[in-house]
Amino acid sequence: MFEPGCAYPLADFLARSEEGLNRASERVRQVHGFACSRAHHQLLSLRETAARYTDLPDAHVTVEAFES
């Protein structure tokens, strides 16, 4: 889904993030019977932050690394 060191156009980054977080939330729903609130809040946070940059025509997000 993402590669460390790669830059993604903002819209692409958001779409990939939404897909991944929704998949994670669905896995939690299948196991526990309810959606993952952490994934939901992370997506809201990403959207809120991204909204500040949507007017920039060349806005990109660079994935530096992953943390566990």
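1. Accessible areas here come from the Shrake-Rupley method with a 1.4 Å probe. By that method, the accessible surface of the chain comes to about 5300 Å². Carbon and sulfur atoms hold 51% of that surface. The model is a predicted one, and the points below should be read with that in mind.

2. Overall layout. Two helices and two strands make up the elements of the chain. Read from the N terminus, their order is β-α-α-β. Along the principal axes, the C-alpha atoms fill a box of roughly 40 × 25 × 15 Å.

3. Burial and contacts. Of the 68 residues in the chain, 21% are buried. Among contacts with a separation of 6 or more, 64% are between residues 24 or more positions apart.

4. Charge. The chain carries 7 positive and 10 negative side chains. The centres of these two sets are 8 Å apart. Side chains of opposite charge can pair when their charged atoms come close. The structure holds four salt bridges; points 5 to 7 take up some of them.

5. Arg16 and Asp12. These two residues form a salt bridge, with the closest N and O atoms 3.0 Å apart. Both lie in helix 1, which spans residues 10–32. They are four residues apart, about one turn of the helix. Arg16 counts as partly exposed because its relative accessibility is 27%, a value between the cut-offs of 20% for buried and 50% for exposed. Asp12, at 27% relative accessibility, is therefore also placed in the partly exposed class.

6. Arg47 and Glu18. Here too there is a salt bridge, and the closest N and O atoms are 3.0 Å apart. This pair links distant parts of the chain: Arg47 belongs to helix 2 (residues 37–51) and Glu18 to helix 1, with their positions 29 residues apart in the numbering. Arg47 has a relative accessibility of 38%, so it counts as partly exposed. Glu18 has 30% and so counts as partly exposed.

7. Glu26 and Arg29. What separates these two along helix 1? They are three residues apart in helix 1, which means a separation of about one helical turn. They form a salt bridge whose closest N and O atoms are 3.2 Å apart. Glu26 is partly exposed, its relative accessible area being 34%. Arg29 is partly exposed as well, with a relative accessible area of 40%.

8. In brief. Arg16 with Asp12 is a pair inside helix 1, and so is Glu26 with Arg29. Arg47 with Glu18 joins helix 2 to helix 1.

Notes
Residues numbered from 1 in each chain as written. Predicted model: local features only at pLDDT ≥ 70, side-chain atom pairs only at ≥ 80, totals over all residues. Heavy atoms only, no water. Buried < 20%, exposed > 50% of the residue type's maximum accessible area, 1.4 Å probe, protein only. Contact = heavy atoms within 4.5 Å. Lys, Arg positive; Asp, Glu negative; His and termini not counted. Charge placed at Lys NZ, Arg CZ, Asp CG, Glu CD. Salt bridge = Lys/Arg side-chain N within 4 Å of Asp/Glu carboxyl O.
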